[in-house]
Amino acid sequence: MQQVKISLESLKRRIAAARGDIPSELVLKGGQVVNLFSGKIQKGDVAISDGVIVGQGPVYHGEKELDASRQWIVPGLIDGHLHIESSMLSPSHLAAALLVHGTTAIVADPHEIANVMGLDGIRYMLEQGAHIPFDIFFMAPSCVPATHLETSGATLAASDLKGLLKEPRILGLAEMMNFPGVLMGDPQVLEKIVLFQDRVLDGHAPLVGGYDLQAYLSAGMGSDHESSLRQEALEKMENGMMLMIREGTSAKNLDELLPLVTEKNAHRFCFVSDDLHAEDIEARGHLDYVLRRAIRSGLDPATAVRLASWNPAGYFGRRRRGAVAPGYRADLVLLNDLYEFDVASVYKDGREVVRDGRLTWSGPDAHKASPEPPSPLPIAPLTADSFRILHPGGKARIIELVPGQIITRKSVGPVPSTDGFVTTDPEKDLLKLAVVERHKKTGNIGLGLVRGFGLQKGAIASSVAHDSHNVIVAGVTDAEICAAVEAVRDMGGGLVVVQRGEVLSAVPLEIAGLMSTQPIHTLVPRLQAAKRAAVRIGCPLDDPFMALSFLALPVIPELKLTDKGLVDVNRFEIVPLFASG
């Protein structure tokens with residue numbers, strides 16, 4: 001929601017209401033106000049006019065007054081690092097899903113859609129988040145494409161990002177994943193840092209420490225959400241980083257990092273989600289879930305709330321947000337229970353958007369058309385023979401899933417063949433894996449082998465494949481693999497499960513092949529049906545599509561597959577499927 005500048009007359013009314021000379025528009029009476037500056041909980045009234053808190057005290061009167069005497073009043077929650085695309089919800093539908101959990105603002109990195117559609121994708125996200133009772137701020141993607149080892153839909157150089165500086169909701173440069181490029185002084189990387197030098201520069205530096213961390217920080221990086229080890233996080237925080245404690249769907253660091261937070265250093269931490277799937281939002285919540293966990297672990301409630309409101313607001317330079325105090329935006333959450341963070345009502349700019357835990361905002365308008373026609377995906381013609389692999393003899397490199405992790409292991413071993421071509425072996429959990437280029441109709445198909453999906457028949461495919469989001473598929477037969485890719489292609493992107501040429505389940509993701517046009521209550525049952533279909537063909541994984549999506553990410557060890565071929569991540573180069581010797 002765009003912030004409207006205050007007029008002279010509005011300012012006069014605000015001051016008069018604050019002094020009690022005129023009634024405020026709304027007064028929340030007698031609530032337990034959580035003061036993030038003192039850490040105290042103080043009983044009092046909260047007076048609101050023109051979307052702003054004008055006063056907090058015992059004697060305010062309003063044109064409308066609501067009894068809050070049995071409730072706690074806290075600021076709206078702010079997620080400082082979230083990829084909207086990972087929820088598979090459009091920005092407006094995600095906003096509707098998060099409001100009921102007390103979140104009123106997020107800072108998003110549109111890295112995924114930018115890898116598919118470039119600046120058009122970023123503009124689409126900006127438009128979708130512009131006129132809703134929820135604040136979506138963005139960071140300019142820093143790594144599009146993520147690597148040279150894959151084909152993405154776009155390339156964004158510093159010159160392409162320059163126009164984004166004029167957009168007030170672009171707060172800075174998103175996570176600089178190419179930390180080796182920073183350390184080695186890559187001119188293309190440094191140009192982006194120089195361009196955004198007066199804005200927030202988000203970091204991304206897993207396990208980076210010592211002199212390398214000092215060099216990375218000297219380039220201006222201000223935060224890190226990739227810390228997984230306590231000592232690693234402590235070093236980063238003590239060197240000035242805003243330490244973002246991540247608790248998402250695939251990466252969960254709360255238990256490891258929360259003990260670092262103390263009374264003296266609490267201002268240097270905040271809570272973020274990074275990647276959070278729609279199913280998790282519906283099942284457990286958003287930052288409200290993280291706060292419940294943190295408070296149960298012993299963190300003072302006021303401090304916990306501060307890590308999800310005031311701290312991220314301050315880091316991103318969002319003045320007058322993230323606290324319940326005069327002059328601050330009236331983004332407020334009323335709780336039935338502070339310790340359980342039980343959301344009763346939510347106010348955005350002083351207007352009620354959630355009552356009794358239910359959305360009162362009517363939700364997004366009829367969904368606007370996708371920024372490009374949603375189907376079919378631009379994929380070169382395919383046949384089952386497109387997925388045949390010649391067997392030259394010898395042993396092959398095999399990607400092995402690691403349960404619950406996005407890293408993989410590399411193994412080398414014999415694989416079966418028929419008539420000189422590789423065949424799968426479901427009994428030994430050996431499947432074919434393919435990545436099909438879907439942006440430029442190049443005809444690129446990367447072919448490999450994978451263990452860990454457990455399929456006994458059929459194939460699963462997805463157009464969500466980090467970071468370039470080509471179509472990725474794992475399956476038993478070439479015909480089923482081809483049918484799965486064609487099903488994804490024909491519906492303009494999405495998730496499918498195929499058996500003997502029949503589509504058992506499909507989840508359309510019409511927006512760039514990444515997001516659905518449907519609200520969360522419609523999308524989640526479809527996702528659950530797709531998982532059940534995967535179980536029917538033998539897959540034991542809790543989330544097979546998430547596991548599949550990361551097999552194309554060539555920056556996470558050890559062995560991955562892109563449309564250009566098999567990537568040995570430790571060597572950071574394409575390697576042949578069959579090992580020599």
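**Exercise 1. Is R246 buried or exposed, and why?**

Before we dig in: this is a predicted model, where local features need pLDDT of at least 70 and side-chain atom pairs count only at pLDDT 80 or more, while totals for chains, interfaces and linings use all residues. Residues are numbered from 1 along each chain as its sequence is written, and side-chain values use heavy atoms, with hydrogens and water left out.

*Solution.*

- Step 1: R246 has 7% relative accessibility, so it counts as buried. The cut-offs are under 20% relative accessible area for buried and over 50% for exposed, with partly exposed in between (1.4 Å probe, protein chains only).
- Step 2: Find the element. R246 sits in strand β12, residues 242-246. Strands here are DSSP runs of E with at least two residues, helices are H or I runs of at least four, and both are numbered from the N terminus.
- Step 3: Check the surroundings. Skipping neighbours within four places in sequence, R246 has contacts (heavy atoms within 4.5 Å) that include E226, L254, V272 and D274.
- Step 4: Look at the side chain. R246 reaches the backbone oxygen of H225 with its side chain, at 3.3 Å.

**Exercise 2. Work out which strands stand at the edges of the open sheet β28-β29-β30**.

*Solution.*

- Step 1: The sheet has 3 strands in that order, with antiparallel pairing. Two strands pair if DSSP finds at least two bridges between them.
- Step 2: β28 (559-562) and β30 (573-575) each have a single partner strand, so one side of each is left without a neighbour in the sheet.
- Step 3: On average, neighbouring strands here are turned by 45° against each other, direction ignored. For angles, axes are lines fitted to C-alpha atoms (for helices, over the stretch in contact), and values run from 0 to 180 degrees between N-to-C directions.
- Step 4: Now zoom in on one pair. β29 (residues 565-568) and β30 share 3 bridges, and V567 faces I574 in β30.

**Exercise 3. Describe the 8-strand open sheet and the helices packed on it**.

*Solution.*

- Step 1: Read off the order: β19-β18-β23-β22-β25-β24-β26-β27, with mixed pairing.
- Step 2: β19 (408-413) and β27 (502-508) are the edges; each has a single partner strand, so one side of each lacks a neighbour in the sheet.
- Step 3: The average turn between neighbouring strands is 25°, direction ignored.
- Step 4: Pick a pair. β22 (residues 431-436) and β23 (residues 445-451) run antiparallel, joined by 6 bridges, and V436 stands opposite I445.
- Step 5: Add the helices. α15 (residues 478-490) packs on the sheet, with its direction at about 150° to that of β26. α16 (residues 520-536) touches β24, β26 and β27, and its direction makes about 150° with that of β27.

Methods: Polar contact = N/O pair within 3.5 Å; in protein donor to acceptor, adjacent residues only side chain to side chain.
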